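Subject: Structure handover

Hi,

Here is the structure I promised to pass on. Please open it first, then read my notes below.

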Amino acid sequence: MQYLFNAQDLIYSRLKSIAHLFLFSDYDGTLVPIAARPELAVLPPRRRELLQKLSRLSGLTLGIISGRQLDEIKNLVQLEGIFYAGNHGLELEGPGLSLLYPEARATKPIIDQVASHLSEMLASIKGVIVENKGLTLSLHYRLVSEAQVGVVEETFYHITRPLEEVGKVKVTQGKKVWEVRPPVDWDKGKAINLLLTQCQEHPERKEILPIYLGDDVTDEDGFRAVAEYGGWGIFVGAKKPASQASYFLLSCQEVDRLLALVLLMRQ
Ligand SMILES: [Mg+2]
């Protein structure tokens, strides 16, 4: 894993010469710093402006791939004509595309049930946020006091483990969050694959360079997916040798620098 701006020669030449660029990015922790509460993670105007300019280039396609609900991520980013993947890719939308992963809906009643159990059982613990995202659920414990995290974890697994054991749900984790998902073989990487396959059906977009920016465990699937296309996985955060990403950037501010550079090279 290399610091992206140490590989500038390669970056300049590839960004300039490639026929089509597909730029994918995660949202929380990548385009915006992780906020205390999910609703506080708002995209700064300058970053939106950069993304908007990029989205209007003919040789570039933009995709935001998030663990958030589709409607929510669309509202936060507020850009037209780009691709959005919500709930880790279970919901996809963009020019000529609207897709809900077929079996995901079947898990919805279980997600609702888990959400109400967790809310009830953890009601007395300050800082717990149970976020029912329809197709998946997130339990945020960022604001929970350290002394009580253990109780929250125990409760979470007490409820979800039996369901996971019989194959009714899948449990994953990220930064200060535990998640419950449908037990389907689908993730951010597979969503990216689908978008790339579709993109390449376009005669002028056979030669394509995919880039994926992400900061968390679930983004590793995205890094793997773009690597299979000869693309670049870019991890946002302090260098993480175990990651599948080929490069890293230190912060969301450095993502701005990259976006500006891409704009300059592709204009
Ligand atoms: Mg993230």
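How many residues of domain 1 are in contact with domain 2, and how many of domain 2 with domain 1? The count is 15 residues in domain 1 and 16 in domain 2. Keep in mind that this is a predicted model.

**Domains**

The domain assignment splits the chain in two. Domain 1 takes residues 2-100 plus 187-266. Domain 2 covers 104-181. Their C-alpha centres are 27 Å apart. On the domain 1 side, the residues that touch domain 2 are mixed: 6 nonpolar, 5 polar and 4 charged.

**The sheet**

Next, look at the open sheet of 4 strands. The strand order is S7-S8-S10-S9, with antiparallel pairing. S7 (129-132) and S9 (170-174) are the edge strands, and each has a pairing on one side only. On average, neighbouring strands here are turned by 20 degrees against each other, direction ignored.

Zoom in on S7 and S8 (residues 137-140). These two run antiparallel and are joined by 4 bridges. One place to look is asparagine 132, whose bridge partner in S8 is leucine 137.

**Helices on the sheet**

Two helices lie across these strands. H4 lies across S7, S8 and S10 (177-181), at about 165 degrees to S7. H5 lies across S8, S9 and S10, at about 140 degrees to S9.

H4 (residues 108-121) and H5 (residues 146-165) also meet each other. Their axes come within 10 Å and cross at roughly 155 degrees. Because of that angle, H4 is roughly antiparallel to H5. The crossing is right-handed. From H4, the contact uses Ile110, Val114, His117, Leu118 and Met121. From H5, Thr155, Phe156, Ile159, Thr160 and Leu163 take part. By class, that gives 7 nonpolar residues, 3 polar ones and no charged ones.

**A second helix pair**

Now move to H1 (residues 8-17) and H8 (residues 252-266). Their axes come within 8 Å, crossing at roughly 50 degrees. H1 is therefore oblique to H8. This crossing is right-handed as well. Tyr12, Leu15 and Lys16 of H1 meet Val262, Met265 and Arg266 of H8. The class count here is 4 nonpolar, no polar and 2 charged residues.

**Where to start**

I would begin with the H4 and H5 contact, with its 7 nonpolar residues. Then turn to the H1 and H8 contact, which has 2 charged residues.

Best wishes

Key
Residues numbered from 1 in each chain as written. Predicted model: local features only at pLDDT ≥ 70, side-chain atom pairs only at ≥ 80, totals over all residues. Axes fitted to C-alpha atoms, helices over the stretch in contact; angles between N-to-C directions. Parallel < 35°, antiparallel > 145°, perpendicular 65-115°, else oblique. Left-handed = near helix turned anticlockwise from the far one by under 90°. Contact = placed C-beta atoms within 7 Å. Nonpolar A, V, L, I, M, F, W, Y, C, P; charged D, E, K, R; others polar. Domains from an automatic or database assignment. Pairing = 2+ DSSP bridges.
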